[in-house]
Amino acid sequence: MQVSILSTSDVHGYIRADDFRRPLLNNQLGLTRAASVIAEQQAQVAITDDVVVTIENGDFIQGSPLTNYIQKIVPDQTNIYQKLADKISYDVRILGNHEFNFGREYIETVFADTDNLLNANILDKQTHEPFVGQPYKIIARKGIKIGIIGLTTQFIPHWEQPAHITNLIFQDPVATAEQYIAELRPQVDVLIIAYHGGFAQDLQTGEPLEKLTSENQGYQLLQLPGVDALVTGHQHREIAEVVNGVPTTQPGYRGNYVGLMKLTLNEEHQRVAATAQILPTGESIEREDIVALINPLQQKVNDWLDTPVGHVGDNMAITDHFAARLHNHPFIELVNRVQMAATNTQISNTALFNNEVRGLSDAVTQRDIMTNYIFPNTLVVEALTGQDIKDALEVNARYFKLDDRGEIILNPLFMMPKVQHYNYDIWSGIDYTFDLNKPMGQRVVSVTKDGQPLDLKQTYEVTMNNYRAGGAGNFPMFSMDKAVREVQRETADLIGEYIMNHPQIHIEQPTNITII
(Lines give C-alpha, C1' and ligand atoms only; values in the text may rest on other atoms or scores of the structure.)
Protein backbone atom coordinates (compact mmCIF):
# COMPACT_ATOMS: atom_id res chain seq x y z
CA MET A 1 0.00 0.00 0.00
CA GLN A 2 1.04 3.57 -0.64
CA VAL A 3 0.21 6.76 1.20
CA SER A 4 0.38 9.89 -0.99
CA ILE A 5 0.90 13.25 0.71
CA LEU A 6 -0.12 16.28 -1.34
CA SER A 7 0.67 19.80 -0.19
CA THR A 8 0.50 23.44 -1.13
CA SER A 9 2.25 26.18 0.81
CA ASP A 10 2.61 29.96 0.64
CA VAL A 11 -0.33 30.51 -1.70
CA HIS A 12 -0.50 34.07 -0.32
CA GLY A 13 -3.96 34.79 -1.65
CA TYR A 14 -3.15 34.15 -5.31
CA ILE A 15 -6.29 32.18 -6.08
CA ARG A 16 -6.74 32.82 -9.81
CA ALA A 17 -3.89 32.38 -12.29
CA ASP A 18 -3.27 36.12 -12.12
CA ASP A 19 -0.56 38.10 -10.33
CA PHE A 20 -2.62 41.31 -10.72
CA ARG A 21 0.06 43.24 -12.62
CA ARG A 22 -0.89 45.12 -15.77
CA PRO A 23 0.12 45.09 -18.58
CA LEU A 24 2.60 42.44 -17.39
CA LEU A 25 1.04 39.23 -16.16
CA ASN A 26 2.34 35.99 -14.70
CA ASN A 27 -0.41 33.40 -14.95
CA GLN A 28 1.71 30.28 -14.40
CA LEU A 29 0.54 30.12 -10.81
CA GLY A 30 -2.53 30.22 -8.60
CA LEU A 31 -4.59 27.98 -6.36
CA THR A 32 -7.01 27.28 -9.22
CA ARG A 33 -4.21 25.55 -11.14
CA ALA A 34 -2.82 23.80 -8.06
CA ALA A 35 -6.33 22.55 -7.30
CA SER A 36 -6.47 20.86 -10.70
CA VAL A 37 -3.21 19.04 -10.02
CA ILE A 38 -4.46 17.98 -6.58
CA ALA A 39 -7.76 16.74 -7.99
CA GLU A 40 -5.94 14.72 -10.65
CA GLN A 41 -3.74 13.06 -8.03
CA GLN A 42 -6.71 12.40 -5.76
CA ALA A 43 -8.58 10.78 -8.65
CA GLN A 44 -5.64 8.51 -9.44
CA VAL A 45 -5.48 7.29 -5.86
CA ALA A 46 -9.25 6.83 -5.63
CA ILE A 47 -9.21 3.94 -8.10
CA THR A 48 -6.61 2.04 -6.05
CA ASP A 49 -6.40 0.68 -2.53
CA ASP A 50 -3.98 3.47 -1.67
CA VAL A 51 -4.50 6.49 0.57
CA VAL A 52 -4.06 10.22 -0.03
CA VAL A 53 -3.89 13.13 2.42
CA THR A 54 -3.82 16.79 1.45
CA ILE A 55 -2.17 19.59 3.44
CA GLU A 56 -2.41 23.38 3.18
CA ASN A 57 0.83 24.50 4.81
CA GLY A 58 0.24 28.15 5.70
CA ASP A 59 0.55 31.74 4.44
CA PHE A 60 -2.86 31.41 2.84
CA ILE A 61 -4.71 34.58 3.91
CA GLN A 62 -2.13 37.33 3.26
CA GLY A 63 0.12 38.47 0.46
CA SER A 64 -1.90 39.62 -2.55
CA PRO A 65 -4.14 42.54 -3.48
CA LEU A 66 -7.08 40.19 -2.99
CA THR A 67 -6.17 39.44 0.63
CA ASN A 68 -5.60 43.14 1.29
CA TYR A 69 -9.00 43.96 -0.22
CA ILE A 70 -10.73 41.41 1.99
CA GLN A 71 -9.01 42.66 5.13
CA LYS A 72 -9.49 46.38 4.37
CA ILE A 73 -12.70 46.66 2.37
CA VAL A 74 -14.87 43.56 2.94
CA PRO A 75 -13.80 42.00 6.27
CA ASP A 76 -17.20 40.30 6.48
CA GLN A 77 -16.15 38.03 3.59
CA THR A 78 -13.23 36.24 5.26
CA ASN A 79 -15.25 33.01 5.04
CA ILE A 80 -14.11 32.79 1.39
CA TYR A 81 -10.87 31.23 2.63
CA GLN A 82 -12.71 28.36 4.30
CA LYS A 83 -14.90 27.88 1.24
CA LEU A 84 -11.79 27.59 -0.95
CA ALA A 85 -10.16 25.12 1.42
CA ASP A 86 -13.33 23.03 1.50
CA LYS A 87 -13.46 22.91 -2.31
CA ILE A 88 -9.96 21.46 -2.39
CA SER A 89 -10.76 19.11 0.51
CA TYR A 90 -7.62 19.79 2.51
CA ASP A 91 -7.35 17.30 5.35
CA VAL A 92 -5.43 19.76 7.53
CA ARG A 93 -4.27 23.36 7.44
CA ILE A 94 -1.28 25.04 9.10
CA LEU A 95 -0.66 28.59 10.33
CA GLY A 96 1.95 30.57 8.41
CA ASN A 97 3.98 33.48 9.74
CA HIS A 98 2.23 35.96 7.44
CA GLU A 99 -1.13 34.95 8.88
CA PHE A 100 -0.10 37.19 11.79
CA ASN A 101 0.35 40.31 9.64
CA PHE A 102 -3.28 41.26 10.23
CA GLY A 103 -3.21 40.42 13.94
CA ARG A 104 -4.29 37.73 16.35
CA GLU A 105 -7.97 38.71 16.33
CA TYR A 106 -8.09 38.46 12.53
CA ILE A 107 -6.64 34.95 12.68
CA GLU A 108 -9.20 33.94 15.28
CA THR A 109 -11.97 35.30 13.05
CA VAL A 110 -10.76 33.76 9.80
CA PHE A 111 -10.17 30.32 11.29
CA ALA A 112 -13.17 30.29 13.64
CA ASP A 113 -14.86 27.53 11.63
CA THR A 114 -11.70 25.67 10.59
CA ASP A 115 -11.92 22.44 12.54
CA ASN A 116 -8.85 20.96 10.80
CA LEU A 117 -6.38 23.77 11.66
CA LEU A 118 -3.23 22.37 13.26
CA ASN A 119 -1.12 24.49 15.61
CA ALA A 120 1.02 22.71 18.15
CA ASN A 121 3.55 25.36 19.16
CA ILE A 122 1.85 28.79 19.31
CA LEU A 123 0.08 28.98 22.64
CA ASP A 124 -2.09 31.38 24.56
CA LYS A 125 -0.04 32.85 27.40
CA GLN A 126 -2.83 32.36 29.93
CA THR A 127 -4.09 28.90 29.06
CA HIS A 128 -0.85 27.44 27.62
CA GLU A 129 -3.05 25.76 25.02
CA PRO A 130 -2.97 26.42 21.25
CA PHE A 131 -4.54 29.86 20.78
CA VAL A 132 -6.31 28.49 17.70
CA GLY A 133 -6.51 25.01 16.25
CA GLN A 134 -5.34 21.73 17.69
CA PRO A 135 -1.82 20.27 17.95
CA TYR A 136 -2.40 17.27 15.70
CA LYS A 137 -4.97 15.21 13.90
CA ILE A 138 -5.32 11.46 13.38
CA ILE A 139 -6.87 10.41 10.08
CA ALA A 140 -8.10 6.84 9.63
CA ARG A 141 -8.34 5.74 6.03
CA LYS A 142 -8.56 2.23 4.53
CA GLY A 143 -7.23 0.66 7.68
CA ILE A 144 -4.32 3.09 7.99
CA LYS A 145 -3.99 5.59 10.82
CA ILE A 146 -2.12 8.74 9.84
CA GLY A 147 -1.04 11.30 12.40
CA ILE A 148 -0.21 14.87 11.36
CA ILE A 149 1.46 17.41 13.67
CA GLY A 150 1.19 21.10 12.70
CA LEU A 151 4.05 23.49 13.48
CA THR A 152 4.98 27.08 12.61
CA THR A 153 8.32 28.87 12.69
CA GLN A 154 8.97 30.26 16.16
CA PHE A 155 10.78 33.31 14.71
CA ILE A 156 7.59 35.37 14.23
CA PRO A 157 8.23 37.71 17.19
CA HIS A 158 11.42 38.87 15.46
CA TRP A 159 9.33 40.34 12.59
CA GLU A 160 5.81 40.94 13.76
CA GLN A 161 4.34 44.00 15.41
CA PRO A 162 3.89 43.31 19.13
CA ALA A 163 0.21 44.28 18.97
CA HIS A 164 -0.39 41.47 16.47
CA ILE A 165 0.92 38.72 18.75
CA THR A 166 -0.48 39.83 22.10
CA ASN A 167 -0.35 37.18 24.83
CA LEU A 168 1.11 34.49 22.59
CA ILE A 169 3.95 32.08 23.33
CA PHE A 170 6.01 30.80 20.39
CA GLN A 171 7.48 27.49 21.44
CA ASP A 172 10.40 25.68 19.82
CA PRO A 173 8.86 23.52 17.07
CA VAL A 174 11.54 20.84 17.44
CA ALA A 175 10.95 20.36 21.17
CA THR A 176 7.19 20.51 20.55
CA ALA A 177 7.47 17.91 17.82
CA GLU A 178 9.41 15.57 20.11
CA GLN A 179 6.65 15.86 22.71
CA TYR A 180 3.86 15.01 20.28
CA ILE A 181 5.82 12.31 18.45
CA ALA A 182 6.12 10.48 21.76
CA GLU A 183 2.37 10.80 22.25
CA LEU A 184 1.29 10.01 18.69
CA ARG A 185 3.71 7.38 17.45
CA PRO A 186 2.16 4.48 19.40
CA GLN A 187 -1.29 5.41 18.04
CA VAL A 188 -0.58 5.69 14.31
CA ASP A 189 0.94 3.83 11.38
CA VAL A 190 2.24 6.94 9.60
CA LEU A 191 3.41 10.17 11.22
CA ILE A 192 3.71 13.38 9.20
CA ILE A 193 5.01 16.75 10.32
CA ALA A 194 3.62 19.80 8.49
CA TYR A 195 5.90 22.72 9.31
CA HIS A 196 5.56 26.29 8.10
CA GLY A 197 9.28 26.82 8.09
CA GLY A 198 12.17 25.77 5.92
CA PHE A 199 15.77 24.66 5.93
CA ALA A 200 18.87 26.57 7.02
CA GLN A 201 21.17 23.64 6.23
CA ASP A 202 22.00 21.42 3.27
CA LEU A 203 19.69 18.42 3.54
CA GLN A 204 22.34 15.84 2.72
CA THR A 205 25.40 17.24 4.51
CA GLY A 206 23.98 19.43 7.27
CA GLU A 207 26.26 22.29 6.22
CA PRO A 208 24.78 25.72 6.98
CA LEU A 209 23.28 27.53 4.00
CA GLU A 210 22.44 30.71 5.91
CA LYS A 211 22.90 32.15 9.37
CA LEU A 212 21.64 29.55 11.80
CA THR A 213 18.75 30.99 13.79
CA SER A 214 15.50 29.42 14.97
CA GLU A 215 13.68 30.61 11.82
CA ASN A 216 14.12 27.50 9.66
CA GLN A 217 14.46 24.27 11.67
CA GLY A 218 13.36 21.78 9.05
CA TYR A 219 16.72 19.99 9.07
CA GLN A 220 16.40 19.32 12.79
CA LEU A 221 12.83 18.05 12.35
CA LEU A 222 14.04 15.61 9.69
CA GLN A 223 16.41 14.03 12.19
CA LEU A 224 13.71 13.21 14.75
CA PRO A 225 13.04 9.48 15.16
CA GLY A 226 9.52 8.42 14.31
CA VAL A 227 8.88 10.92 11.50
CA ASP A 228 7.73 9.38 8.20
CA ALA A 229 7.45 12.57 6.10
CA LEU A 230 7.99 16.32 6.43
CA VAL A 231 6.07 19.06 4.60
CA THR A 232 7.78 22.47 4.67
CA GLY A 233 7.24 26.00 3.36
CA HIS A 234 7.99 29.62 4.26
CA GLN A 235 11.11 30.01 2.11
CA HIS A 236 9.25 29.74 -1.23
CA ARG A 237 11.81 27.16 -2.34
CA GLU A 238 11.20 24.19 -4.63
CA ILE A 239 12.44 21.14 -2.74
CA ALA A 240 11.81 17.42 -3.11
CA GLU A 241 14.34 15.12 -1.44
CA VAL A 242 14.57 11.95 0.58
CA VAL A 243 16.92 12.17 3.58
CA ASN A 244 17.83 8.96 5.40
CA GLY A 245 14.64 7.41 4.07
CA VAL A 246 12.42 10.33 5.08
CA PRO A 247 10.88 12.37 2.23
CA THR A 248 10.39 16.11 2.37
CA THR A 249 8.93 18.72 0.03
CA GLN A 250 8.60 22.47 -0.23
CA PRO A 251 6.20 23.43 -3.03
CA GLY A 252 7.28 26.91 -4.07
CA TYR A 253 5.11 30.00 -3.92
CA ARG A 254 1.65 31.17 -5.00
CA GLY A 255 0.52 27.69 -6.01
CA ASN A 256 3.15 27.21 -8.71
CA TYR A 257 3.91 23.69 -7.44
CA VAL A 258 2.19 20.93 -5.52
CA GLY A 259 4.29 18.74 -3.25
CA LEU A 260 3.86 14.98 -3.62
CA MET A 261 5.42 12.40 -1.34
CA LYS A 262 4.65 8.70 -1.59
CA LEU A 263 5.24 6.29 1.26
CA THR A 264 5.25 2.57 0.54
CA LEU A 265 4.05 0.52 3.51
CA ASN A 266 4.54 -3.19 4.18
CA GLU A 267 1.87 -5.50 5.53
CA GLU A 268 2.61 -4.26 9.06
CA HIS A 269 1.95 -0.70 7.83
CA GLN A 270 5.57 0.31 8.27
CA ARG A 271 7.30 2.66 5.83
CA VAL A 272 9.73 0.66 3.68
CA ALA A 273 10.29 3.12 0.82
CA ALA A 274 9.57 6.75 -0.02
CA THR A 275 9.72 9.21 -2.91
CA ALA A 276 9.39 12.98 -3.14
CA GLN A 277 8.61 15.28 -6.04
CA ILE A 278 7.07 18.65 -6.77
CA LEU A 279 4.49 18.90 -9.54
CA PRO A 280 4.43 22.11 -11.63
CA THR A 281 0.99 23.64 -12.03
CA GLY A 282 1.62 26.25 -14.72
CA GLU A 283 0.30 24.20 -17.63
CA SER A 284 -2.74 22.84 -15.81
CA ILE A 285 -6.15 24.35 -16.43
CA GLU A 286 -7.82 26.41 -13.75
CA ARG A 287 -10.43 24.42 -11.86
CA GLU A 288 -13.77 25.81 -12.93
CA ASP A 289 -15.60 25.41 -9.62
CA ILE A 290 -12.94 27.42 -7.80
CA VAL A 291 -12.87 30.05 -10.54
CA ALA A 292 -16.65 30.39 -10.16
CA LEU A 293 -16.32 30.72 -6.40
CA ILE A 294 -13.68 33.46 -6.43
CA ASN A 295 -14.61 35.41 -9.57
CA PRO A 296 -17.24 37.77 -8.08
CA LEU A 297 -14.74 38.92 -5.45
CA GLN A 298 -11.84 38.93 -7.92
CA GLN A 299 -13.74 41.33 -10.19
CA LYS A 300 -14.37 43.71 -7.29
CA VAL A 301 -10.66 43.60 -6.44
CA ASN A 302 -9.72 44.45 -10.01
CA ASP A 303 -12.17 47.35 -10.09
CA TRP A 304 -10.66 48.65 -6.85
CA LEU A 305 -7.13 48.25 -8.20
CA ASP A 306 -7.96 50.33 -11.27
CA THR A 307 -8.80 53.40 -9.15
CA PRO A 308 -6.64 56.35 -10.36
CA VAL A 309 -4.25 57.80 -7.77
CA GLY A 310 -2.16 60.45 -9.53
CA HIS A 311 0.92 61.16 -11.66
CA VAL A 312 4.62 60.71 -10.88
CA GLY A 313 6.50 61.60 -14.05
CA ASP A 314 8.09 59.46 -16.69
CA ASN A 315 11.20 58.08 -14.94
CA MET A 316 9.76 55.79 -12.27
CA ALA A 317 9.73 52.56 -14.29
CA ILE A 318 12.34 49.95 -13.33
CA THR A 319 13.84 48.01 -16.22
CA ASP A 320 17.15 46.92 -14.65
CA HIS A 321 16.77 45.77 -11.04
CA PHE A 322 20.47 45.23 -10.47
CA ALA A 323 21.28 48.75 -11.66
CA ALA A 324 18.51 50.17 -9.47
CA ARG A 325 20.01 48.51 -6.42
CA LEU A 326 23.51 49.52 -7.45
CA HIS A 327 22.80 53.21 -8.09
CA ASN A 328 19.44 53.88 -6.38
CA HIS A 329 16.38 54.79 -8.46
CA PRO A 330 13.62 57.45 -8.49
CA PHE A 331 11.02 54.88 -7.44
CA ILE A 332 13.09 53.83 -4.43
CA GLU A 333 13.70 57.49 -3.60
CA LEU A 334 9.92 58.03 -3.74
CA VAL A 335 9.28 55.31 -1.16
CA ASN A 336 11.96 56.72 1.12
CA ARG A 337 10.51 60.23 0.76
CA VAL A 338 7.08 58.88 1.68
CA GLN A 339 8.55 57.20 4.75
CA MET A 340 10.40 60.34 5.83
CA ALA A 341 7.37 62.57 5.29
CA ALA A 342 5.12 60.24 7.29
CA THR A 343 7.52 60.11 10.24
CA ASN A 344 9.18 63.55 10.11
CA THR A 345 12.73 62.27 9.64
CA GLN A 346 15.61 63.06 7.29
CA ILE A 347 17.06 59.55 6.86
CA SER A 348 15.23 56.46 5.59
CA ASN A 349 15.90 53.06 4.10
CA THR A 350 13.83 50.67 2.03
CA ALA A 351 14.34 47.67 -0.22
CA LEU A 352 13.44 46.77 -3.79
CA PHE A 353 11.67 43.66 -2.59
CA ASN A 354 11.91 41.42 -5.64
CA ASN A 355 12.45 41.48 -9.38
CA GLU A 356 8.73 41.60 -10.10
CA VAL A 357 8.66 45.18 -8.82
CA ARG A 358 8.46 47.28 -11.97
CA GLY A 359 8.14 50.78 -10.58
CA LEU A 360 5.54 53.22 -11.84
CA SER A 361 4.43 54.72 -15.10
CA ASP A 362 3.31 58.34 -15.04
CA ALA A 363 -0.39 57.66 -14.43
CA VAL A 364 -0.59 55.65 -11.19
CA THR A 365 -3.47 53.44 -10.08
CA GLN A 366 -4.08 51.57 -6.86
CA ARG A 367 -2.97 48.46 -8.76
CA ASP A 368 0.45 49.97 -9.42
CA ILE A 369 0.97 50.69 -5.75
CA MET A 370 -0.27 47.32 -4.48
CA THR A 371 1.80 45.32 -6.97
CA ASN A 372 4.97 47.30 -6.28
CA TYR A 373 4.76 47.57 -2.50
CA ILE A 374 3.55 44.08 -1.73
CA PHE A 375 3.91 43.81 2.06
CA PRO A 376 1.59 45.22 4.77
CA ASN A 377 4.53 46.96 6.43
CA THR A 378 4.18 49.85 8.81
CA LEU A 379 6.88 52.35 9.75
CA VAL A 380 9.21 52.58 12.72
CA VAL A 381 11.61 55.39 13.60
CA GLU A 382 14.70 54.26 15.50
CA ALA A 383 17.29 56.39 17.26
CA LEU A 384 20.57 55.13 15.80
CA THR A 385 24.11 56.26 16.31
CA GLY A 386 26.25 57.08 13.32
CA GLN A 387 28.10 53.85 14.09
CA ASP A 388 24.82 51.89 13.91
CA ILE A 389 24.14 53.40 10.49
CA LYS A 390 27.64 52.58 9.27
CA ASP A 391 27.30 49.01 10.57
CA ALA A 392 23.97 48.62 8.75
CA LEU A 393 25.55 49.87 5.54
CA GLU A 394 28.25 47.22 5.94
CA VAL A 395 25.49 44.59 5.94
CA ASN A 396 24.07 46.16 2.77
CA ALA A 397 27.51 46.15 1.14
CA ARG A 398 27.55 42.35 1.34
CA TYR A 399 24.89 42.29 -1.38
CA PHE A 400 27.58 42.89 -4.01
CA LYS A 401 30.87 41.21 -4.83
CA LEU A 402 33.53 41.35 -7.53
CA ASP A 403 33.96 38.47 -9.93
CA ASP A 404 37.30 37.22 -11.28
CA ARG A 405 37.34 40.02 -13.87
CA GLY A 406 36.65 42.71 -11.30
CA GLU A 407 33.03 43.17 -12.44
CA ILE A 408 30.37 43.91 -9.83
CA ILE A 409 27.94 41.02 -9.42
CA LEU A 410 25.25 39.92 -7.00
CA ASN A 411 26.54 37.93 -4.02
CA PRO A 412 25.17 34.38 -4.50
CA LEU A 413 24.36 34.24 -0.78
CA PHE A 414 21.40 36.52 -1.57
CA MET A 415 20.06 33.94 -4.05
CA MET A 416 20.66 30.66 -2.21
CA PRO A 417 19.17 28.92 -0.39
CA LYS A 418 16.41 31.48 -0.96
CA VAL A 419 16.13 34.76 -2.85
CA GLN A 420 16.63 37.67 -0.44
CA HIS A 421 16.59 40.91 -2.43
CA TYR A 422 14.35 42.28 0.33
CA ASN A 423 17.30 42.14 2.73
CA TYR A 424 19.30 44.76 0.81
CA ASP A 425 18.34 48.31 1.77
CA ILE A 426 18.86 51.50 -0.20
CA TRP A 427 19.17 54.64 1.91
CA SER A 428 18.07 58.22 1.37
CA GLY A 429 19.16 61.29 3.31
CA ILE A 430 22.81 60.25 3.40
CA ASP A 431 25.57 59.81 0.82
CA TYR A 432 27.71 56.71 1.09
CA THR A 433 30.50 54.85 -0.69
CA PHE A 434 31.19 51.11 -0.83
CA ASP A 435 34.68 49.88 -1.81
CA LEU A 436 34.11 46.29 -2.93
CA ASN A 437 37.85 45.69 -3.13
CA LYS A 438 37.93 45.67 0.65
CA PRO A 439 36.91 42.73 2.86
CA MET A 440 33.30 42.45 3.93
CA GLY A 441 32.80 44.46 7.08
CA GLN A 442 35.28 47.11 5.94
CA ARG A 443 33.64 48.27 2.71
CA VAL A 444 31.94 51.47 3.87
CA VAL A 445 34.64 54.07 3.25
CA SER A 446 32.51 57.22 3.42
CA VAL A 447 29.17 58.28 4.90
CA THR A 448 28.07 61.90 4.84
CA LYS A 449 24.92 63.84 5.72
CA ASP A 450 24.38 67.33 4.35
CA GLY A 451 27.94 67.31 3.04
CA GLN A 452 29.51 66.55 6.42
CA PRO A 453 30.94 63.22 7.63
CA LEU A 454 28.47 61.25 9.71
CA ASP A 455 29.29 61.60 13.40
CA LEU A 456 29.62 58.00 14.61
CA LYS A 457 28.72 58.99 18.17
CA GLN A 458 25.79 61.26 17.37
CA THR A 459 22.24 59.91 17.37
CA TYR A 460 20.08 60.18 14.24
CA GLU A 461 16.43 59.31 13.69
CA VAL A 462 16.03 56.76 10.89
CA THR A 463 12.79 55.49 9.34
CA MET A 464 12.46 51.86 8.27
CA ASN A 465 9.73 49.27 7.94
CA ASN A 466 8.61 47.23 10.93
CA TYR A 467 10.18 44.04 9.52
CA ARG A 468 13.63 45.57 9.44
CA ALA A 469 13.13 47.44 12.71
CA GLY A 470 13.24 44.17 14.61
CA GLY A 471 16.63 43.33 13.14
CA ALA A 472 15.35 40.85 10.56
CA GLY A 473 17.73 40.18 7.69
CA ASN A 474 20.87 40.06 9.88
CA PHE A 475 20.72 43.66 11.09
CA PRO A 476 21.53 43.32 14.82
CA MET A 477 22.08 47.07 15.11
CA PHE A 478 18.34 47.58 14.63
CA SER A 479 16.04 46.81 17.54
CA MET A 480 12.60 47.82 18.71
CA ASP A 481 14.32 48.88 21.93
CA LYS A 482 15.64 51.81 19.87
CA ALA A 483 12.23 52.78 18.50
CA VAL A 484 11.14 56.32 19.31
CA ARG A 485 7.83 56.33 17.44
CA GLU A 486 5.78 54.33 14.96
CA VAL A 487 3.24 55.01 12.24
CA GLN A 488 0.68 52.22 12.41
CA ARG A 489 -0.54 52.58 8.86
CA GLU A 490 0.43 50.44 5.91
CA THR A 491 3.13 51.94 3.75
CA ALA A 492 1.21 51.22 0.54
CA ASP A 493 -1.59 53.49 1.80
CA LEU A 494 0.93 56.20 2.68
CA ILE A 495 2.42 56.00 -0.83
CA GLY A 496 -1.01 56.49 -2.39
CA GLU A 497 -1.79 59.48 -0.19
CA TYR A 498 1.60 61.06 -0.87
CA ILE A 499 1.08 60.82 -4.63
CA MET A 500 -2.41 62.31 -4.35
CA ASN A 501 -1.11 65.15 -2.19
CA HIS A 502 1.84 65.92 -4.50
CA PRO A 503 0.34 66.21 -7.99
CA GLN A 504 3.57 67.49 -9.58
CA ILE A 505 6.02 64.83 -8.38
CA HIS A 506 9.30 64.75 -10.24
CA ILE A 507 12.27 62.93 -8.73
CA GLU A 508 15.62 63.02 -10.48
CA GLN A 509 17.89 59.98 -10.57
CA PRO A 510 19.50 59.87 -7.09
CA THR A 511 23.29 60.15 -6.91
CA ASN A 512 23.90 59.39 -3.24
CA ILE A 513 25.46 55.93 -3.71
CA THR A 514 29.02 55.42 -4.98
CA ILE A 515 30.40 51.93 -5.47
CA ILE A 516 34.06 51.34 -6.22
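Where does Thr 343 sit in this structure? In this predicted model, Thr 343 belongs to helix H9, which covers residues 330–343. With a relative accessible area of 4%, Thr 343 falls under the 20% cut-off and therefore counts as buried. Its side chain makes a polar contact with the side chain of Thr 345, at 3.3 Å. Leaving aside residues up to four places away in sequence, Thr 343 also touches Leu 379, Val 381, Thr 463, Arg 485 and Val 487.

Next up is Ser 361, found in a loop that runs between strand S16 (347–351) and strand S17 (363–365). Is Ser 361 buried, exposed or partly exposed? Its relative accessibility comes out at 43%, so Ser 361 is partly exposed. The side chain of Ser 361 reaches the backbone oxygen of Ala 363 at 3.4 Å. Once residues up to four places away in sequence are set aside, Ser 361 touches Val 312 and Gly 313. As for Val 11, 350 residues apart from Ser 361 along the chain, a separation of 28 Å lies between the two C-alpha atoms.

That leaves the nonpolar cores. The largest one has 112 residues, and those with the most contacts inside it are Phe 100, Ile 389, Trp 427 and Ile 499. Another core, of 24 residues, lies apart from it, with Val 188, Ile 193, Phe 199 and Val 227 among its members. Back in the largest core, Phe 100 has a list of partners that includes Leu 95, Ile 107, Ile 122, Phe 131 and Phe 170, again not counting residues up to four places away in sequence. Glu 160 and His 164 are also among the residues that Phe 100 touches.

How values were computed:
Residues are numbered from 1 along each chain as its sequence is written. This is a predicted model: local features need pLDDT of at least 70, side-chain atom pairs count only at pLDDT 80 or more; totals for chains, interfaces and linings use all residues. Side-chain values use heavy atoms; hydrogens and water are left out. Helices (H or I, at least four residues) and strands (E, at least two) are DSSP runs, numbered from the N terminus. Buried means under 20% relative accessible area, exposed over 50%, partly exposed in between (1.4 Å probe, protein chains only). A polar contact is a pair of N or O atoms within 3.5 Å; within protein, one must be able to donate a hydrogen and the other to accept it, and residues adjacent in sequence count only if both atoms are side-chain atoms. Contact means heavy atoms within 4.5 Å. A nonpolar core is a set of buried Ala, Val, Leu, Ile, Met, Phe, Trp, Tyr and Cys residues joined through side-chain atoms within 4.5 Å.
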